[in-house]
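Here is a walk through one protein chain, moving from a helix to a strand and then to a sheet. Keep the structure in view while reading.

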Amino acid sequence: MAHKAGFVNIIGNPNVGKSTLMNAFVGERLSIITSKAQTTRHRILGIVNGDDFQVVLSDTPGIIKPAYQLQSSMMDFVKTAFEDADILIYMVEIGEKELKDEAFFNKIVHTKIPVLLLLNKIDTSTQEQLEAQVQHWQEKVPNAEIYPISALKNFNVQNVFNRILEILPESPPYYPKDALTDKPERFFVNETIREKILLNYDKEIPYAVEIETEEFIEDDNIIRIRAVIMVERDTQKGIIIGHKGSALKKVGIQAREDLEKFFGKQIHIEMFVKVNKDWRSNNYQLRRFGYNNK
């Protein structure tokens, strides 16, 4: 039997369930999942391997109109999703009517790439709502195959994956067959800490934060990690640390528990908070953190 392989890129508005879907496909928590918008900042590749296939999934940031340089860089990741896709997954949720950027929407409607439009969160809808939404999207994106799903409940996800395998092009694998992702260990440390900050802090704080893992030393039974939490202002540093370090300690405990599950080893983690003034608008800093390749 011929081997199939290709890139399946997931795009859509913020918070429609893109990360939940990719993690359901891959079977690992590679992408941050929280109830807050804009949790995914990079393109994160998750790789699903079988004897005769390799599906390279790409979770992208939610499509927004950029307000500052970091968000512009995030949207550049979405633009590249059109350039290397063999299959495009356009994800919407019940009640949604349009993509927040008209130019991206026009690209989807006019692309020659196969498009699977996934209508997510159908567990929150009635049958009547669902039928109306399916009709709406059939008219709006006539080039797409529409699949109602619930990524969270894993409803109809396998059928979508089966369809991906049907239309995937014949190709040798792009990555080693035991690979789960193209990201290094430090990336997942950074993302795990950032997820805990998203869950534990309000307002602007989580969006002003970037994580840098300075040390990742792995022994047989333990991984020792030293990570720096970057913020933009001194006031944010104080909030992250909390009274007598209590807030930072809580983040550290939660991150350690998740990382021990992810790596299957004991974790010792040290975290420090530093001010990196206005890093989200600084091209040099954005390049340093892997956002801006211009």
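In helix α4 of this predicted model, the buried residues are Leu130, Gln133, Val134, His136 and Trp137. They lie on the same side of α4, because they cover an arc of only 165° around its axis. The spacing of such residues has a simple background. An α-helix has 3.6 residues a turn, so residues three or four places apart point the same way. On the face of α4 turned away from the buried side are the exposed residues Gln127, Glu128 and Glu139. The buried residues of α4 pack against β4, α3, β5 and β6. The length of α4 can be checked too: at 1.5 Å a residue, its 14 residues (127–140) should span 20 Å, and its end C-alpha atoms are 20 Å apart, which agrees.

Strand β3 (residues 53–59) has seven of its seven residues buried. Both of its faces are covered, with Phe53, Val55, Leu57 and Asp59 on one side and Gln54, Val56 and Ser58 on the other. Strand β1 (residues 4–12) runs parallel to β3 and is joined to it by seven bridges. In one of these pairings, Lys4 has Phe53 of β3 as its bridge partner.

Further along the chain, three strands form an open sheet with mixed pairing, in the order β7-β8-β9. β7 (210–218) and β9 (266–275) each have a single partner strand, so one side of each is left without a neighbour in the sheet. The twist from one strand to the next averages 15°. Strands β8 and β9 run parallel, joined by 10 bridges, and Ile225 stands opposite Ile269 in β9. Helix α6 (residues 185–200) packs on this sheet and touches β7, β8 and β9. Helix α8 (residues 246–263) lies across β7, β8 and β9, at about 140° to β9.

Notes:
Residues are numbered from 1 along each chain as its sequence is written. This is a predicted model: local features need pLDDT of at least 70, side-chain atom pairs count only at pLDDT 80 or more; totals for chains, interfaces and linings use all residues. Side-chain values use heavy atoms; hydrogens and water are left out. Helices (H or I, at least four residues) and strands (E, at least two) are DSSP runs, numbered from the N terminus. The expected span of a helix is 1.5 Å times one less than its number of residues. Buried means under 20% relative accessible area, exposed over 50%, partly exposed in between (1.4 Å probe, protein chains only). The arc is that of the directions from the helix axis to the C-beta atoms. Contact means heavy atoms within 4.5 Å. Two strands pair if DSSP finds at least two bridges between them. Axes are lines fitted to C-alpha atoms, for helices over the stretch in contact, and angles run from 0 to 180 degrees between N-to-C directions.
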